[in-house]
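Take a look at the model below. We will go from one helix to a helix pair, and then to the core.

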Amino acid sequence: MAETDSRLETIQQKLATKIIEILRPQGDDVVILDRAGLRESFRILKHTPELDFDFLSDITAVDYWQKQEPRFEVVYQILSRAKRARLRIRVPVPENDPSIESLTPIWRGANFMEREVWDLFGIRFIDHPDLRRVLLYEEFRGHPLRKDYPVNLTQPRVPERKIDGTFVDERSHNKLMRLKKSLGTKN
Amino acid sequence: MKAEVKELPTEIMELQMGPSHPATHGTIKFNLKLEGEKVLDCDVEVGYLHRGFDKSCEQATWTQVIPYTDRLNYASPLINNVGYAMTVEKLIGAETPPRCQYIRVIISELSRIYDHLTCCGMASSELGAITPGFYMIEARELVTRIVEQLTGARLTVTYVRVGGVKHDLPDGFAEGVTRTFQTIRKLLDDCDLLLSRNRIFIDRLSNVGVISQETALNYSLTGPILRATGIGYDVRKAFPYLVYDQLDFEVPVGTRGDNYDRFICRIREIEQSMKIVEQALAQLPVGPVWIEDPRFVLPEKEKVYNSIEGLMHHFKIIMEGIHVPAGETYFAVEGGNGELGFYIVSDGGGRPYRIRVRPPCFIAMGAFHQMIKGYMVADIVPTFGMINMIGGECDR
C-alpha cells in the first residue's frame, strides 16, 4: 500500500500540470490526464526509473454520450513488470474535436489498438502511421460503438471493389461473345 | 555472334493470401509484397468474423454476457468465463468461497491444456505431421469429455456465474481426470518422440519467425510468444489471482523467440497445467461454490416453487439482471494465448455500459508483419500456426 502511495506521489510530481484527478477505485490506480502533451506524459511514465511502466497492455475508449462532458474517454492500461504494478490512464476527449496523440512512437503495439478505437469510435490518432479501419470494411458508414449508433441499423450494400492490377479472366466472356456471334444474335 | 547476357527482370509481386486459405483458418487475409519467395512486407487484414461483441454485450444483462464470452476464444471458453466473472466480482467487491476458487483454477487449466493442444496439433498437421496432429486431437477430445461431463456442453460451456460456478463437480470427477491425464501423458510422450527431435519439423520451425525481447515488449505481446523470447511474464505469477499463489508450478521460457521455442513452451505448459490440476484436486476444500449474497445468487428451486418471496426473487434476477454498482475496472487473467483482460464500465443499471476485451491474439496479429518480414512464404504457415489466432477472439 505504501508502495502504491509513493508511486502515485511520484506521478503527481512528474506530471503535476497534466493531471486532472487521481482515483483509487477497487484497489486500482487510475490517473485522469489532460490530452495536451499526452505522448510526453507517457514517455515520462515509461522512462522514469521509479515508475518504469514499460508495457502497454491495452487501449480502448468509452462513449459517455449525454452522460458526461467531454463525451469520450480514451482508456490506457499500462503495467510495470519489474514493480508488478498496473496503472490505468483515462484521457477525456471532446465530441467536437475527437482526436488524441498517437502512442505508436513509444509502443509500436499501439498501432492495431488505436486503429480499432478509430474504427469503432471515430477518435482520430494524430501522427498514427496507418490509420485505417481494422475490424470493419472501408465502406462502413459511422462508428458502431458510439452510443448514438442504433444497434439494429443495417448498412447499405457495397459494390464490388475494383483493385488496380488485379488479374481478370476474360476468357469465359470472350467465349460467350463468339457463341453469340456464331448464332447471329445481337447483344 | 556474341552472346548477350541479359538480366532477368525482377519486380515486386503483390500476393493476397487468404481468407479462403486452409492455413489462415478462413478468417485472415495477408496482403504480401514478395520478391521471389521472400516476404518483403505483410499487411494483415482481420475482421472477417467481426460480429459486434461489445455492442451485443451492451444490450444484454450482466449474466447474459457469459454465453457471449464462450464464443470469444472458443478453444478455451472456460478461461473467458472465469475472466469475465472475476472482473464483475471485482467491481461488486465480492470474493468467492475457496472451493469455487479451486474449481475455477481446475477448469482454467483444463482449458489451457485444450488450447495448447489445439494450437500444437493444428500447427503440426499444417506442416504435414498428420500423425502427431491426430494424437494431440485425440488428447484434446479426452479433455473435451471431462468438460462435457462437468458442464454438459463441449464448447459453449457457460459454466461460471458472477459469484460462483453453475454447480459443483460431478461424482467421480477426480478419478476421471487422473485416468485422462495418464492417457494424455502417454500421447504427449509419443508426440515428443515424433516431433521434438524430428529433423524436418525442427528445420521448419527453428529460427523462423524470430522476434527479439525488445520487439516483443514493444508490440505488447504476451503469452507463449513473449515467454519464448525468455521473458517470464505470466499473469498467474505476476499478479496472482484465485489460488495460484498457493500452487506449485513453473513458467517455461524459451531462449530465442522463434517458432520452435513457442512450440516447446506450449508443450511444457501443458505438463505444468496438468500438475496444477492434480494439486488443486488434492487440496480441494469442502464447502459452498457460491457466495452467500441474495442480490447475485438465484434462490433454490424449492423456494421458487413453494414461496412467493422465492418466486419474486427469481423473477427479479432473471428479468432485471443483477445490479452491479456504478464504476469501472480492469482485470486480467492468463488466457491460453496471453493476457486476457476485461475492462468493464457500469452505470449502475442492470446492463453493462461498456465491456472491452483485451484480445491477446488480435495484438499478436498486429506484430505478425514483424515476425514474418524477411522469411519465405512457406514460413507464414508455421508462424501463423504458433500464434494460435482464434477468429472469435481476434475479431470479436
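What should the 13 residues of helix α13 (residues 308-320) of chain B span at 1.5 Å a residue? The expected span, 1.5 Å times one less than the number of residues, is 18 Å, and the end C-alpha atoms are 17 Å apart, which agrees. Helices here are DSSP runs of H or I, at least four residues, numbered from the N terminus.

This is a predicted model, in which local features need pLDDT of at least 70 and side-chain atom pairs count only at pLDDT 80 or more, while totals for chains, interfaces and linings use all residues. Residues are numbered from 1 along each chain as its sequence is written, and chains are lettered from A and ligands numbered from 1 in the order in which they are written.

α13(B) is hardly covered: one of its 13 residues is buried (20 or more other C-beta atoms within 10 Å of its own, C-beta atoms being placed from the backbone). B:Gly321 follows α13(B), with a positive phi near 85°.

Now turn to a packed pair. The axes of α4(B) and helix α5 (residues 130-151) of chain B come within 8 Å and cross at roughly 160°. Therefore α4(B) is roughly antiparallel to α5(B) (angles over 145 degrees). Among the contact residues are B:Leu110 and B:Tyr114 of α4(B), and B:Val143 and B:Val147 of α5(B) (contact: C-beta atoms, placed from the backbone, within 7 Å).

B:Leu110 also touches B:Leu78 and B:Val277. B:Leu110 is among the residues with the most contacts inside the largest nonpolar core, which has 160 residues (buried Ala, Val, Leu, Ile, Met, Phe, Trp, Tyr and Cys joined through C-beta atoms within 7 Å). Helix α4 (residues 98-126) of chain B gives the largest share of this core, 14 residues.

Definitions and conventions
A residue is buried if 20 or more other C-beta atoms lie within 10 Å of its own, exposed if 12 or fewer, and partly exposed in between; C-beta atoms are placed from the backbone. Helices (H or I, at least four residues) and strands (E, at least two) are DSSP runs, numbered from the N terminus. Two residues are in contact if their C-beta atoms, placed from the backbone, lie within 7 Å. Axes are lines fitted to C-alpha atoms, for helices over the stretch in contact, and angles run from 0 to 180 degrees between N-to-C directions. Angles under 35 degrees count as roughly parallel, over 145 as roughly antiparallel, 65 to 115 as roughly perpendicular and the rest as oblique. Lists of a residue's contacts leave out its neighbours within four places in sequence.
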